Amino acid sequence: MIHFTISYDDGLLKTIIAYPFAERQPLNKSDLKHRLNEIINDPGATNAVGIQRPAPENRIFTNRNLKLSRILAVGFDLDYTLAQYRQEQLDSLVFQQTVAYLVAEKGYPESIQTLKYDHQFAIRGLVIDMELGNVLKMDKFRYVSLAFHGLQVISGRSRREMYNQERVTFSSKRFRVVDTLFELVETYLYSALIDHLEGRGETVNYGQLFSDIRETVDLKHRDHSLKNEIMRQPGVYIERDPLLLPALYRFARSGKRLFVVTNSEADYTEFVLDYLFRSSDAYFPSWRQCFELVCTESRKPSFFEAGRPWEVLAEGPCFFVRGGSLRQLEAKLGIAGDEIMYVGDHIYGDILRSKHSSSWRTCMVVPELKEQIRVDHEVRPLILDLMGCESKRKELAMEFHMRGNQVKLLYQFKEVESDDLDPDELNRIDQKIAEINRKLEKNNRELSRLLYRSHQLRSSISSSFNPYWGRLFQTGGQLSAFAEQIRDYACIYTSSVSNFNFYSSQGYLQSHVTPMPHEMETHTAELDFDEPLERS
Ligand SMILES: [Mg+2]
């Protein structure tokens with residue numbers, strides 16, 4: 001419910017304070033007009049009474065309860081957070097430039113220039129094994145559930161022999177986690193080159209190959225050849241989300257102070273923000289009126305720890321700097337800790353480190369969510385079919401087990417009691433054994449059919465998500481390592497910053513309790529029994 005406190009001065013309406021959309025300052029008349037429109041057009045206001053919920057792909061998902069009303073400042077990463085790239089186009093550009101450089105400067109054969117970029121091969125959360133030249137998908141316990149060498153899947157037996165003796169440790173120099181969307185193209189290139197070179201009978205030094213690719217991609221970022229191309233044709237590479245500025249505007253209107261912390265260079269940051277805020281008059285005259293502070297070349301994750309003193313590049317409504325640190329930023333804003341929410345797409349650089357080094361609240365932007373949710377919906381009939389199939393299979397397996405035991409008992413009975421049984425009784429027992437065996441055979445045929453069907457369905461469902469790796473958030477019947485990290489470190493996650501349009505900027509985002517297996521039987525985890533105790 002929204003409460004208004006209205007005060008009159010000489011009969012004229014002067015201020016309105018709206019709760020829970022509380023301002024730190026009373027609103028003046030022009031602000032009031034904006035605010036009333038905002039409340040009237042606020043889908044979040046109807047969400048509160050459960051009349052309308054955003055579409056699944058527009059939802060914000062909560063791991064840790066978050067009261068947005070307590071957030072006084074919201075910070076954003078730039079690349080793949082505020083600026084969404086058209087990934088296939090950008091990766092194809094990186095792919096072409098990297099391959100050309102590897103041939104021209106690193107001595108790789110010209111034949112690699114025939115390779116085509118496959119944007120489906122790599123997903124976030126994979127791990128590159130630089131010792132064996134493999135790419136791995138891990139479950140939440142860090143056990144390898146799926147592995148590729150080059151572009152060929154490694155058989156279950158070989159995979160278990162190679163990896164299942166130990167957990168994969170992120171800190172080991174042998175492994176490299178594919179954390180960012182920028183790294184997907186490198187991962188494909190690594191596997192495609194191993195496939196291609198070994199296909200030619202060459203021996204590949206897997207560690208050296210990885211270094212060559214990493215160095216080249218890094219160089220292409222540093223020498224501005226990629227950025228120049230993006231800046232030449234931003235429309236080809238950057239997706240302009242029409243709902244981004246309204247989302248930022250809603251934050252600003254509700255009194256939250258906004259800032260950017262990006263590792264991108266100052267000139268590129270300025271260019272991308274200019275591009276995103278082009279024709280932004282309806283919301284902000286420019287990004288300088290939206291963001292109070294923009295930290296470029298921030299060197300996250302070290303920004304969240306020691307950082308380095310910033311160099312001021314421009315002052316004015318927006319403090320534009322190079323470098324900086326979390327402490328310096330907090331001092332400048334006069335806001336600290338859990339009154340700040342940081343929104344980023346990089347699990348390690350944006351989310352995990354800020355979580356470890358501060359009590360900032362975190363929102364992870366996971367652009368892949370949209371596609372995962374879409375496919376989830378699309379394969380629902382197959383999932384229902386699979387569930388029916390599995391339920392029937394379990395039932396038949398139990399029946400099979402029970403009938404097998406019956407046959408065993410009849411044989412035992414015959415053996416122990418054979419001297420005391422007359423021929424009729426023995427005959428009856430043999431007939432029963434034959435009858436049960438016929439049913440067992442039928443059972444067995446049906447079980448094989450269901451097993452085959454179940455396998456087919458699993459394979460169709462999995463490849464609908466990704467033909468190589470299946471679901472992003474699951475693997476081998478468990479959460480994937482990537483999903484577990486999001487659950488552990490991101491207070492909330494969503495597919496895009498613009499999804500904040502569908503929620504009140506002062507709302508309460510509440511998590512669902514993840515039950516223990518024994519609680520799933522009794523559903524006790526669905527209710528928060530501790531809440532009254534904590535309040536009393
Ligand atoms: Mg980013």
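**Reading burial, sheets and helix packing**

Trainee: Why does T81 count as buried?

Mentor: Welcome! Burial is read by counting neighbours, and a residue is buried if 20 or more other C-beta atoms lie within 10 Å of its own. T81 has 23 C-beta neighbours inside 10 Å, so this residue counts as buried. Please keep in mind that the model is predicted.

Trainee: Where is the place of T81 in the chain?

Mentor: T81 lies in a loop, the one that runs between β5 (73–76) and β6 (84–85).

Trainee: Which residues does T81 touch, leaving aside those up to four places away in sequence?

Mentor: With those set aside, T81 touches F76, V343, G344, D345, V365 and V497. Take D345 from that list: D345 is 264 residues from T81 along the chain, yet their C-alpha atoms are separated by 5.8 Å.

Trainee: How would I read burial and contacts for the protein as a whole?

Mentor: Start with the totals. Of the 536 residues in the protein, 33% are buried. Then take the contacts with a separation of 6 or more: residues 24 or more positions apart account for 72% of them. As for the elements, the protein has 19 helices and 22 strands.

Trainee: In what order do the nine strands of the open sheet come?

Mentor: Read from one edge to the other, the order is β3-β21-β18-β17-β5-β13-β14-β16-β15, and the pairing is mixed. The edges are β3 (60–62) and β15 (308–314); each has a single partner strand, so one side of each is left without a neighbour in the sheet. From one strand to the next, the twist averages 25°.

Trainee: Let me try a strand away from the edges. How many residues of strand β18 are buried?

Mentor: Five of the five residues in β18 (residues 361–365) are buried, and the strand is mostly covered. It helps to check the faces separately. R361, C363 and V365 lie on one side of β18 and T362 and M364 on the other, and all are buried, which leaves both faces covered.

Trainee: And in what sense do β17 and β18 pair, parallel or antiparallel?

Mentor: Strand β17 (residues 340–344) pairs with β18 in the parallel sense, over four bridges. To fix the register, look for V343, which stands opposite C363 in β18. Strand β21 (residues 492–494) also runs parallel to β18, joined to β18 by three bridges. There, C363 has I492 of β21 as its bridge partner.

Trainee: What joins β14 to β16?

Mentor: Strand β14 (residues 293–296) and strand β16 (residues 319–324) run parallel, with four bridges between them. Two pairs show the register: V294 stands opposite F320 in β16, and C295 stands opposite V321 in β16.

Trainee: How many residues lie between β15 and β16 in their hairpin?

Mentor: Four residues separate the two strands of that hairpin, and in the turn G316 has a positive phi of about 125°. The pairing of β15 with β16 is antiparallel, over four bridges. A314 has F320 in β16 as its bridge partner, and F320 is also the residue opposite V294.

Trainee: Now the helices. How are two packed helices described?

Mentor: The description uses the angle between their axes and the distance between the axes. Try helix α3 (residues 87–106) with helix α5 (residues 184–199): the axes come within 9 Å and cross at roughly 45°. That angle makes α3 oblique to α5, and the crossing is right-handed.

Trainee: Which residues of α3 and α5 meet?

Mentor: On the α3 side look for D91, V94, F95 and T98, and on the α5 side for L184, V185 and L189. By class, this contact has five nonpolar, one polar and one charged residues.

Trainee: At what angle do the axes of α3 and α7 cross?

Mentor: They cross at roughly 140°, and the axes of α3 and helix α7 (residues 225–232) come within 11 Å. Only angles over 145 degrees count as roughly antiparallel, so α3 is oblique to α7. α3 passes α7 in a right-handed crossing. L93, V94 and Q97 of α3 make the contact with S225, L226 and E229 of α7. These residues divide into three nonpolar, two polar and one charged.

Trainee: I see V94 in both lists: V94 meets α5 and takes part in the contact with α7.

Mentor: Nicely spotted! Following one residue through several lists is a good way to build up the picture.

Definitions and conventions
Residues numbered from 1 in each chain as written. Predicted model: local features only at pLDDT ≥ 70, side-chain atom pairs only at ≥ 80, totals over all residues. Pairing = 2+ DSSP bridges. Axes fitted to C-alpha atoms, helices over the stretch in contact; angles between N-to-C directions. Parallel < 35°, antiparallel > 145°, perpendicular 65-115°, else oblique. Left-handed = near helix turned anticlockwise from the far one by under 90°. Contact = placed C-beta atoms within 7 Å. Nonpolar A, V, L, I, M, F, W, Y, C, P; charged D, E, K, R; others polar. Buried ≥ 20, exposed ≤ 12 C-beta atoms within 10 Å, placed from the backbone.
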